Amino acid sequence: MNAAAAAAASATGERTTLAQIAEEAGVSLATISKVLNGRSDVAASTREKVELLLSSHGYQRRGSASSSRSALIELVFHELDRIWSMELIDGVESVAKQHGLSVVLTVTGDRHSPGREWIEGVLRRRPAGVVLVFSELAPELRERLRSRAIPFVIVDPAGDPSPDAPSVGSANWSGGLAATRHLIELGHRRIAAITGPSDMMCSLARLDGYRSAMNSAGLPIDPSWERYGDFHVGGGRDRMAELLALPERPTAVFAGSDLQALGALEAARAVGLSVPDDLSIVGYDDIPVAQWVSPRLTTVHQPLRRMGEEAAKLVLELGRSTPASTPRMDLATSLVVRDSTAPPRG
C-alpha cells in the first residue's frame, strides 16, 4: 500500500494492517514484529521508518495496552544521589505500592537526557509507566515509547521540557526570589549567588529570581558575586572560597542547592568565619540533612517527595486515558527559616 492508499484507507475508517505497513516500509512482516517487540537486531534507519509509519497509522497492539504492560514503574536517573534522589524515590514508591506495582531504578545518560541504549531495555520490560528525572527526552525516544503505548512523565527539578512532554516541576524562579528577599529583609546588601550549571534551566531560573529580588530592592549586583556551581558540595565549597577571596566579600549568599550551601559553610569555616554571625547562607531543596547540620540551614523547600508522588500518579493516569492537552504541573516552593541566616554585623 503506498502513502496515497494509506491516506485513503484512513479517511474511510479502514484499519491498516501490519502487512500493509510492512509493504509500505519495504520490509518483511518479521521485521515489523521485531520493531514492535523492541528487538535490537534492526537497523536504526529501518526502525525509525517503521516507528513513524506505526505512529502515523495509529497502530496499537491487539488487546488493551494496559494488559500488555508489566507491573512496574520505571524510575530513571542520570545519577543517584543518596540524599536528594531518595526523596523522589520515596514519592514514586508510595504511589506504586498503592496500585500493587513495583519500582525499578535505572541510571543512564547525562543530566539532559537518558542514554539511547536505555530505550531497547525499557521496550522489552514494558512497564506500566516511566518517570524520568531529566531535563528532556529526545523526540525519537518519546515516539518510540508512545508507539508501544508506554506512558512517561518527566520530573523536572532541573530543566524546562518540551511543551508536548508531560512533566512535573517546581517554581524555581519564585524560590530564588524568596531566598534573596529574606536576606535583603535581614538587612544584607552585599549578597552573592551560587547557582547550578549554566546549561540547566533551573540554574538560570533561580539566578533570575535572585536578580529580580536585588533589582526590586534597588541593590547593585556585582557580576563577580554571581557564580555557577554544580549543585554538589565541592562546587559550593570552591565557589564560596572564590567569593570570600574578593576584596569586598559578600555578607550573605544564596546557594542554589542545599549541598552547595553545605560546601559554602565548609569554606566559611576554613577561613575562620562564623555562620550566621559573619556570613548568612540560604540553601535550596530542603533535604533532610538541612535540619541536622549546625547551624541548621535556612533553605527553600522544593517538594521533591510530592513531585515523585504526582509524577507517579500522572503516569498511571496517562496509561488509562489520553488527555486533551499535555499535562504540566508546577508545584510551589516555600522558604524555611532556620539558623544559618541573621542580620549583618554592624
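The following conversation discusses the fold, one buried glycine and one pocket of a predicted model.

Reader: To begin, how many helices and strands does the chain have?

Author: The predicted model contains twelve helices and twelve strands. The chain has 346 residues, and 52% of them are buried.

Reader: And what share of the contacts comes from residues 24 or more positions apart?

Author: Such pairs account for 71% of the contacts with a separation of 6 or more.

Reader: How are the strands arranged? Take the sheet that contains strand 2, please.

Author: That sheet is open and has six strands in the order 2-1-3-4-5-11, with parallel pairing. Strand 2 (102-107) and strand 11 (328-331) are at the edges; each has a single partner strand, so one side of each has no neighbour in the sheet. From one strand to the next, the twist averages 20 degrees.

Reader: Which residue is opposite Ile 154?

Author: Ile 154 stands opposite Ser 167 in strand 5. Strand 4 (residues 152-156) and strand 5 (residues 167-170) run parallel and are joined by three bridges.

Reader: Which strands does helix 12 lie across?

Author: Helix 12 lies across strand 1 (72-77), strand 3 (129-132), strand 4, strand 5 and strand 11. With respect to strand 4, helix 12 runs at about 160 degrees.

Reader: Gly 319 belongs to that helix. Is Gly 319 buried or exposed?

Author: Gly 319, in helix 12 (residues 304-320), has a relative accessible area of 18%. The limit for a buried residue is under 20%, so Gly 319 counts as buried.

Reader: Leaving aside neighbours within four places in sequence, what is Gly 319 in contact with?

Author: Gly 319 is then in contact with Arg 69 and Pro 151. Gly 319 and Arg 69 are 250 residues apart along the chain, while their C-alpha atoms are separated by 9.7 Å.

Reader: Now the sheet with strand 7. What is its strand order?

Author: The order is 7-6-8-9-10-12, in an open sheet of six strands with mixed pairing. Its edges are strand 7 (226-228) and strand 12 (334-336); each has a single partner strand, so one side of each lacks a neighbour in the sheet. Neighbouring strands here are turned by 20 degrees against each other on average, direction ignored.

Reader: Where does the mixed pairing show up?

Author: Strand 9 and strand 10 run parallel and are joined by four bridges. Strand 10 (residues 298-301) and strand 12, however, pair in the antiparallel sense over three bridges.

Reader: Which bridge partners does His 301 have?

Author: His 301 in strand 10 is the bridge partner of Asp 285. In strand 12, the bridge partner of His 301 is Ser 334. Val 300 also has a bridge partner in strand 12, namely Leu 335.

Reader: Which strands do helix 8 and helix 9 lie across?

Author: Helix 8 (residues 172-185) lies across strand 6 (191-195), strand 8 (252-255), strand 9 (280-285), strand 10 and strand 12, at about 160 degrees to strand 9. Helix 9 lies across strand 6, strand 7, strand 8 and strand 9, at about 170 degrees to strand 6.

Reader: One last topic: what lines the second largest pocket?

Author: Its lining consists of 22 residues, with His 78, Glu 79, Trp 84, Met 200 and Phe 231 nearest the centre. The elements giving two or more residues to this lining are helix 5 (84-98) and helix 9 (201-216). The pocket has a volume of about 450 Å³.

Reader: How many of the lining residues are charged?

Author: Six are charged, alongside eleven nonpolar and five polar residues.

Terms used. Residues are numbered from 1 along each chain as its sequence is written. This is a predicted model: local features need pLDDT of at least 70, side-chain atom pairs count only at pLDDT 80 or more; totals for chains, interfaces and linings use all residues. Side-chain values use heavy atoms; hydrogens and water are left out. On a 1 Å grid over the protein atoms alone, a cavity is a set of points where a 1.4 Å probe fits but cannot get out, and a pocket is an open set with protein on both sides within 12 Å along at least five of seven lines; lining residues have an atom within 4 Å of a point. Grid points are joined across faces, edges and corners, and a volume is the space filled by probe spheres set on the points. Ala, Val, Leu, Ile, Met, Phe, Trp, Tyr, Cys and Pro count as nonpolar, Asp, Glu, Lys and Arg as charged, and the others, Gly among them, as polar. Two strands pair if DSSP finds at least two bridges between them. Axes are lines fitted to C-alpha atoms, for helices over the stretch in contact, and angles run from 0 to 180 degrees between N-to-C directions. Contact means heavy atoms within 4.5 Å. Buried means under 20% relative accessible area, exposed over 50%, partly exposed in between (1.4 Å probe, protein chains only).
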